[in-house]
Amino acid sequence: MKKNVQLKIEGMHCASCAGLIEKGLRKISGIKSVSVNFASEKAKIVYNQSQISTQSLIKAINKMGYQAMVAQIGDFEAQRKKRQQQIKNYWTKFTWGLVFSAPMFYFMLLDFFKFLPGKTILFPYIGIISLILTLPVQFIIGVGFYKGMWSSLRMKTFNMDSLIAIGTSTAFLYSLGQFLVYAISKGSVIGLNGAKIPDLYFETAAFLITFVILGKWLEARAKGKTSEAIKKLMGLQPKTARVVRGSATIDIPIGQVQVGDIIVVRPGEKIPVDGVISKGQSSIDEAMLTGESIPVEKNIGDQVIGATINKHGSFEFRATKVGAQTALSQIIRLIEEAQASKAPIQ
């Protein structure tokens, strides 16, 4: 029996990561189709339940070096906060990378513009200062590139992180080797006779990591905007519902509404979930669903849709669909699936 599942995947560093996950999953017996979207960080998988389970798929993705979990419509707010934290982390890394790299940029300018101050004093110390400034950029700010490279190596391939890690490590290690050779042969860690230590490229590694981090920050911001449509749809849903419990009417979070609950809706309020009117009548604005601006008259036995707006009358209705089963949740699910899918040419 076929089953569709949508997984949230964390730890992808570039579009090639999505390709690696697709490639790895297609090798598993029972997989019918796989589509991994890097922008939305989600995977849509169709598989045979008799051969494999959802937990097995999650374990397979985790084994590749990523973190997978079943995507939930209700966790949008948590995902948004996590995205904002990721954007903030990238900006913090870029800021610190720029702080450490800026002095080395000035050192480079000293070679081209003789009129800049500090050349006589700074030249002998450029090597040791550059080494000290590059260390945190290479191994703290840039640690994510090594993690990404390790993940790709586990899949016996290379990705963008591999390129950055190898390139910056080569520049750093070559410069470190040149620095140590000079220090041992000359017996000094600073340049002699007012000259700088030659053939050092610490700034290359630092600049590359810093500006790739800037690119990742811009990318994270752009990816965050892909969920704006879902954010606006989620905003249509009220946060609470007025439910009849026994002889009392109480306000409860919408997540606690159950099928069969009797819900009271007053004029001007949004309808919290889908249901059928059991008492009263009113006119309801269903523009969010149909696009029709004229309110629709509703009487006992008529269906009402969650997130639509009650206009004039008060009524009670019995909840028939709650949570992920409501019409609004189904619309959100379709948009998420569309974001996670790719065109056939891809």
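**Exercise 1. Place Met 104 and decide whether it is buried or exposed.**

Met 104 is found in helix α3, residues 76–112. Helices here are DSSP runs of H or I with at least four residues; strands are E runs with at least two, and both are numbered from the N terminus. The model is predicted, so local features need pLDDT of at least 70 and side-chain atom pairs count only at pLDDT 80 or more, while totals for chains, interfaces and linings use all residues. Residues are numbered from 1 along each chain as its sequence is written, and side-chain values use heavy atoms, with hydrogens and water left out.

Step 1: take the relative accessible area of Met 104, which is 1%.
Step 2: apply the cut-offs. Buried means under 20% relative accessible area, exposed means over 50%, and partly exposed lies in between (1.4 Å probe, protein chains only).
Step 3: conclude that Met 104 is buried.
Step 4: list its contacts (heavy atoms within 4.5 Å). Leaving out residues up to four places away in sequence, Met 104 touches Ser 130, Leu 133, Thr 134, Phe 202, Glu 203, Ala 206 and Phe 207.
Step 5: add a distance. Ile 126 is 22 residues from Met 104 along the chain, and their C-alpha atoms are separated by 8.0 Å.

**Exercise 2. Describe how α6 and α7 pack.**

Two packed helices are described by the angle between their axes and the distance between the axes.

Step 1: locate the helices. α6 spans residues 143–154 and α7 spans residues 160–186.
Step 2: read the geometry. The angle is about 125 degrees, and the axes are 7 Å apart. Axes are lines fitted to C-alpha atoms, for helices over the stretch in contact, and angles run from 0 to 180 degrees between N-to-C directions.
Step 3: classify the angle. Under 35 degrees counts as roughly parallel, over 145 as roughly antiparallel, 65 to 115 as roughly perpendicular, and the rest as oblique. Therefore α6 and α7 are oblique to each other.
Step 4: name the partners. In α6 they include Gly 144, Phe 145 and Tyr 146; in α7 they include Asp 161, Ser 162 and Ile 164.

**Exercise 3. Treat α7 and α8 in the same manner.**

Step 1: the axes of α7 and α8 come within 7 Å and cross at roughly 155 degrees.
Step 2: α7 and α8 are therefore roughly antiparallel to each other.
Step 3: find the contact residues. Among them are Met 160, Thr 168 and Phe 172 of α7, with Leu 208, Val 212 and Lys 216 of α8.

**Exercise 4. Which residues does Ile 213 touch?**

Step 1: Ile 213 lies in helix α8, residues 202–225.
Step 2: its relative accessibility is 3%, so Ile 213 counts as buried.
Step 3: not counting residues up to four places away in sequence, Ile 213 touches Tyr 90, Lys 93, Phe 94, Ile 141 and Phe 145.

**Exercise 5. Where is Asn 48, and what does it contact?**

Step 1: Asn 48 is in strand β3, residues 42–48.
Step 2: Asn 48 is buried, with a relative accessible area of 14%.
Step 3: leaving aside neighbours within four places in sequence, Asn 48 is in contact with Met 1, Gly 30 and Lys 32.

**Exercise 6. Set a UniProt domain beside the model.**

Step 1: an unreviewed UniProt entry lists "domain: HMA" for residues 3–69.
Step 2: residues 3–69 are 33% helix and 37% strand.
Step 3: the end C-alpha atoms of residues 3–69 lie 16 Å apart.

Key:
UniProt positions renumbered as here; feature names shortened; annotations may be inferred.
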